[in-house]
Amino acid sequence: MGETKAEGGSKLGGWIKALLGTLAGLLSGAVMMYASPLIDRVIKPAKPVANFAWDSEGLAVNFHNRSSGGSRGWWDFGDGSALEPVTKQEIISHTYASPGEFSAKLSLQNIIGDESERTVTVKIDTVNVKPPAIDSIDVTPISPGAFAPATFRVCCKVKNAQLCIWDLGDSDTLEITDDIAGCEDKFVTFSKPGGYVIKLVATNGAAHSERSEVVNVNEPPPGTLAAVLTVNDHATRVETSNQSFTYEATFPSSLKDTLYRFEKLAPAKMGYELTEVRVATGSGHGARLIPGALLPLDANALGATGARNLQLQIASDRHSVKLTGELVKDSAAAKGKGPMPSLVFPVVLVQQRKSAATRPPVAATTTLPLPGSTPTSAILTLPTISADWVDTKRTATLALVDGDNTIWQGRGTQLPHNAVITYHGRQLQLNVTQLGAGQVKLDLAEFKAATTPTAN
């Protein structure tokens, strides 16, 4: 009986194992059949689709990224400039140096290497690009009497330019700058007497404008020394720009629903951050939006009766401001007997750009008469600090010059106090006093050594 039971149990166990194995195979196949699409959908990313549109104002172009499925990629603007990596920004701006046709390309790739590209011809017409203009150029001496060596302040107002080319008249070197901030201050020192021509050429690649001024440097009066204060400035430049933008939204005619939710972005200028958005209502009152806040808008005050739930919000990176809302069909529009609801209203984007600011050393100069029986003095005017500079750090070194010879030079950046100078066998004493942010006073006298009283 025991053997019979053992044999029956063995047959039964084998049959169960076979059944379980078959079921496991069937279940495994079923699981894989249903799991494969799920795995493809969850693990395998969607293929990227590169897509974008563009609009322009002059030479500045906004590219609107409407792609999907790409985790990384590059913008190639087609003008030889460096490639720009694709970011989460929906709008990226680029300024071309001159009008023309450019092949702008967006390349995308997902994490498993699937690629997609789109190339669009960007055409910038010369007609739409305003010609550069030099509204003014002013040259004023900051050295009293403009005696050699004489320093002049050059201030100009330029618009619609991409580059400014300076010929400052004192050498064969041209200075080129692409930082056109409305009024560009420069300082130039002429070491010798004579007449000099300062010339400025402003260009945008399609056209140029030029303007020049003549300055005269005078012979220094006899019996004087030249005081030369070499100033170095480092600061942070804060540039502010107010830019108008108009939001527009229209209910799509192909949409059968009575409700249309929309989202519109207004981009900041490239390199700028939004600090404020101003909205004007039809009643003449205004609203103001700052970063980190949400601004609800009154559709009736904006004259958009078919709109509701309007809100403005500046993006966390401050590169754009988003308008969200809804357009609702009224009964007439729903029946095709009335106009579709729409929305049009302007805003002003207040934006800032911060950058490191420095300028070449500036030599502030003046003439200092040699002392006779009484001390002499002179006022030395320092270079002005640009109005858009903050956190300025200034260092300065003073020297006394006779023609081409430096007879004394200060050490470090401290203004001298009771400095003893030897000049043609004479000993002179120099003191410099700071009068404020814009001037220093120089006093020069015969040096008198301190005497020790004789004991009786």
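**View 1. Open antiparallel sheet of four strands.** In this predicted model, four strands are arranged in the order 24-29-28-27 and pair in antiparallel fashion to give an open sheet. The edges are occupied by strand 24 (376-381) and strand 27 (419-423); each has a single partner strand, so one side of each lacks a neighbour in the sheet. From one strand to the next, the twist averages 30°.

**View 2. Pairing of strand 27 with strand 28.** Strand 27 is joined to strand 28 (residues 426-434) by five bridges, and the two run antiparallel. One residue pair can be named here: tyrosine 423 has arginine 426, in strand 28, as its bridge partner.

**View 3. Largest nonpolar core.** This core comprises 27 residues, of which Leu297, Leu312, Val321, Leu343 and Phe345 touch the most other members. Two or more residues each are contributed by strand 15 (224-250), strand 16 (259-267), strand 17 (273-280), strand 19 (294-297), strand 20 (307-314), strand 21 (320-328) and strand 22 (342-358). A second core, separate from this one, has 25 residues, including Ile142, Ala364, Trp408 and Val440.

**View 4. Surroundings of valine 321.** Neighbours within four places in sequence are left aside in this view of valine 321. The remaining contacts of valine 321 are with Tyr247, Lys264, Leu265, Ala266, Leu274, Val277, Leu289, Leu312, Gln313, Ile314 and Leu349. Among these, Leu312 also belongs to the group of core residues that touch the most other members, as does Val321 itself.

**View 5. Cysteine 156 and cysteine 164.** Zero disulfides are counted in the model. Cysteine 156 takes part in none, and the nearest cysteine sulfur, that of cysteine 164, lies 5.7 Å away. Because a disulfide requires sulfur atoms within 2.5 Å, the 5.7 Å between the sulfur of cysteine 164 and that of cysteine 156 is too far for a bond. Cysteine 156 counts as buried, with 2% relative accessibility; cysteine 164, at 3%, also counts as buried.

**View 6. Context of the close-ups within the whole protein.** The protein contains two helices and 29 strands. Of its 456 residues, 34% count as buried. Its accessible surface comes to about 26,400 Å², with 52% belonging to carbon and sulfur atoms. Among contacts between residues at least 6 apart in sequence, 61% join residues at least 24 apart.

Terms used:
Residues numbered from 1 in each chain as written. Predicted model: local features only at pLDDT ≥ 70, side-chain atom pairs only at ≥ 80, totals over all residues. Heavy atoms only, no water. Core = buried A, V, L, I, M, F, W, Y, C linked by side-chain atoms within 4.5 Å. Buried < 20%, exposed > 50% of the residue type's maximum accessible area, 1.4 Å probe, protein only. Contact = heavy atoms within 4.5 Å. Pairing = 2+ DSSP bridges. Axes fitted to C-alpha atoms, helices over the stretch in contact; angles between N-to-C directions. Areas by Shrake-Rupley, 256 points an atom, 1.4 Å probe, with all protein chains shown as cover.
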